[in-house]
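Here are some short exercises to work through with the model open beside you. Try each task before you read its solution.

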Amino acid sequence: MLKLQKKKPDGLKIIVVGCGKVGSTLVEQLSREGHDLTIIDESAAIVENLSTTYDVLGLTGNGASYSLQKEAGVESADLMIAVTGSDELNLLCCTLAKKAGNCATIASIRNPDYTVERRFLRQQLGLSMIVNPDLEAATEIARLLRLPTALDINSFAKGAAELIKFRIPKGNRLHEKTVAEAAQNLQCGALFCALERGHDLSIPSGSSVLREGDQVSVLVSAKDSRSFFRSIGVPTHQVGSTMIVGGGRSSYYLARQLLEMGINVKIIEKSAKRSAELSELLPKATILNGDGTDEQLLQEEGITRTDSFVPLTGIDEENILMTLYARRVSQGKVITKLNRSSFRDVIAQLDLGSVIYPRFITAETIVAYVRALQNSIGSNIETLYKLFDDRVEAAEFFVGPGAPVNGIPLSELPLKDNLLIACINRGGKILIPGGSDCIQAEDTVIVVTTHTGFHDIRDILK
């Protein structure tokens, strides 16, 4: 639970330092939510483009300069977000902002050495949050490799509940069943939360009909996720082996997690120096020095036999080509990491399997914190995911004692349309609620909706 001191019903005054992939995504999302933004970047072209596109104040220069921060209004700012490519610069920006304006601060930290010390850094430097795009991406990929049938998995309630997106296979028993009929045959508690058919998206009701090829998101407790797939006739199990192309930080973080899960890891890295470093850092993994875009090399190293294939180079085009090749020659789970967000409609038609955008994962974490700063009744938003190309939001709220939803059966709450209360987490116990269930103080509640911009639990009411 976030502990916040001030109530901000209106937009916040926010300074964003660094307008690369994560920074530009934040500017887009936060400006859309009505915040007063000032951006700082060393590239005049980037500043001009973003300030014109999103009507924000732009300053060119070093974000760690006190005079520039003062010009940006740090003394009256609510939040400083530093997401440049330099960990040290981000830490310095936040430290200076904390002294100059005493605002909340968020820093992007990617270096594994600093990541190990993130709790110490937060405490000593007074940071509100540390985000690591590489680690966040790796964690999401590892989650998918644990349950490879899923296209996407979003974690709530400190990992106790999951919103799982999957495609209904051809000939599956869910075909032509209503949501109510499908739920009756499940071996565990689960709630169908979103349904996409072609370009049509809906929050389904009990009478909604499921069809093969639909992409469906289901809320289920993490311990029941495999049971859910078994009950719909789609057995799934954790992969036993993974081939990773590219030896950057995301690959390192991912390999560490997979090795701890007992998964065999093979990394193909083009740089001989980096390959040697990874061999020392990951002695239990197989590290190969070679070009992962070489078709013959991939064949020799067993791409047709591996349980999963994850291209993690820094070049989107290479990742896409390797994914398409892997989909053709292998039956394994394939996950594609993409850095750029352009041409998403075209990419969606390529059947790339699961696609990971680190910039969006990181931005969602920060936007959730920003919304929590605005809460007015103590019902903080703790987790936020944007689904189906930003057309659906899944948000987790901590419910305070003053919330107007407390103690009222869900069937009697005047809920907004196109909205589901998907889950109640009560002291670590995951409840898939029915109409007679009530929300209580100290619960966390997961809401799935096509509405956007919810800040606290009362936003779900008409």
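**Exercise 1: the pocket lining**

In the lining of the largest pocket, 19 residues are nonpolar, 13 polar and 16 charged. Here Ala, Val, Leu, Ile, Met, Phe, Trp, Tyr, Cys and Pro count as nonpolar, Asp, Glu, Lys and Arg as charged, and the others, Gly among them, as polar. This is a predicted model, where local features need pLDDT of at least 70 and side-chain atom pairs pLDDT 80 or more, while totals for chains, interfaces and linings use all residues. Residues are numbered from 1 along each chain, and side-chain values use heavy atoms, without hydrogens and water.

Task: find which residues lie nearest the centre of the largest pocket.

Solution. Step 1: among the 48 lining residues, look for Leu151, Lys165, Gln215, Gly353 and Val355, which lie nearest the centre. Step 2: turn to helix 14, which gives the most to this lining, with four residues. Helices are DSSP runs of H or I with at least four residues, numbered from the N terminus.

**Exercise 2: two helices**

Task: work out how helix 7 is oriented relative to helix 15.

Solution. Step 1: the axes of helix 7 (residues 133-146) and helix 15 come within 9 Å and cross at roughly 105°. Step 2: helix 7 is therefore roughly perpendicular to helix 15, a label for angles of 65 to 115 degrees. Step 3: Pro133, Glu136, Ala137 and Glu140 in helix 7 meet Pro358, Ile361 and Thr362 in helix 15, with contact meaning heavy atoms within 4.5 Å. Step 4: sort these residues into four nonpolar, one polar and two charged.

Methods: On a 1 Å grid over the protein atoms alone, a cavity is a set of points where a 1.4 Å probe fits but cannot get out, and a pocket is an open set with protein on both sides within 12 Å along at least five of seven lines; lining residues have an atom within 4 Å of a point. Axes are lines fitted to C-alpha atoms, for helices over the stretch in contact, and angles run from 0 to 180 degrees between N-to-C directions. Angles under 35 degrees count as roughly parallel, over 145 as roughly antiparallel, 65 to 115 as roughly perpendicular and the rest as oblique.
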